[in-house]
Amino acid sequence: MRFRPRRGLTIFVVVFLPLVLSLAAWQDRRAAEKAVLEARLAAQGAQPAQRLEAWLSQPADQWAYAPAFAQGRWQAHRALWLDNQTAGGRAGYGLYVPLALGDGTWVLVDLGFRPAPARRSELPALRLPSGPVAVSGHLRAAPPVRPVLGDEAQSAQWPRRVQALRWPELSAAFGSEVTLREALLVASPEVEGVERYQGLTPPMSAAQHRGYRLQWLGLALVLILGWIFASLERTPQREHDS
């Protein structure tokens, strides 16, 4: 046997092997990030629930993902429907409704996922209590998504379909007479108004990322071994005898 790499296959491996290894490294980094988040969720979940106002008087790194409860009145006429969401294979919206607290400030409450109606021009029906309510859940220090609000959210019509959430745009949309707390309260499943709870757990766990990392590393190994075996060819008997 002699080793004679083929040019085309060698170029293919040289191009794709670094790409596959970089994807494996990316999955490794994501696994580390998710492990930190999962540990934080477990640690915060073990703490006793406190009033939202008490948590928010502390630095954000102390109350992010902490259990909290608040009392107030729903501002259902100012509901925000976050577009382009999916759950269980269905398209729909993330529902965010302001809760007016006793001190006059508002906090945005995540009420989970709602399936989209058949017609794009319609929004899901929303029914929430009009009187005082108690809402329990977990705090988040930032909205789930970062891009700016879409043009639809800049109209004067309420409730609004939005493409994303960002606090400066939200504060401007609610008006200068409203003080919006820079926190998001993810309502617990038992809160009235939550139809499909999505919670705080990331879509992919650290273990899943590690599994994908192993898959990419396995593919890299297949590329290398395949290139080696394809580059081996049997020496002709005449050459061998000589």
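## Strand E9 and its partners

Two strands count as paired when DSSP finds at least two bridges between them. In this predicted model, strand E7 (residues 133–140) meets that criterion with E9: the two are antiparallel and share four bridges. One residue of E7, Arg-140, has Leu-184 as its bridge partner in E9.

E9 also pairs with strand E6 (residues 106–115), here in the parallel sense and again through four bridges. Within this pairing, Val-109 is bridged to Leu-185 of E9. E9 itself spans residues 180–187, and seven of its eight residues are buried.

## The largest nonpolar core

The largest nonpolar core contains 27 residues. Its members with the most contacts inside the core are Trp-74, Leu-99, Val-109, Leu-111, Val-135, Leu-139 and Leu-185. Two of these names, Val-109 and Leu-185, are the bridge partners already described for E6 and E9.

Elements contributing two or more residues are helix H2 (52–56), strand E3 (67–74), strand E5 (90–101), E6, E7 and E9. E5 supplies the largest share, five residues. In soluble globular proteins, nonpolar side chains tend to be buried together.

## Contacts of Leu-139

Neighbours within four places in sequence are set aside here. Leu-139 then contacts Leu-52, Trp-55 and Leu-56, along with Trp-63, Ala-64, Tyr-65, Ala-66 and Ala-68. Its remaining contacts are Ala-183, Leu-184 and Leu-185.

## A second core

A separate nonpolar core holds 14 residues, among them Ala-100, Leu-165, Trp-167 and Leu-184. Leu-184 is also the bridge partner of Arg-140 and a contact of Leu-139.

Conventions: Residues are numbered from 1 along each chain as its sequence is written. This is a predicted model: local features need pLDDT of at least 70, side-chain atom pairs count only at pLDDT 80 or more; totals for chains, interfaces and linings use all residues. Side-chain values use heavy atoms; hydrogens and water are left out. Buried means under 20% relative accessible area, exposed over 50%, partly exposed in between (1.4 Å probe, protein chains only). A nonpolar core is a set of buried Ala, Val, Leu, Ile, Met, Phe, Trp, Tyr and Cys residues joined through side-chain atoms within 4.5 Å. Contact means heavy atoms within 4.5 Å.
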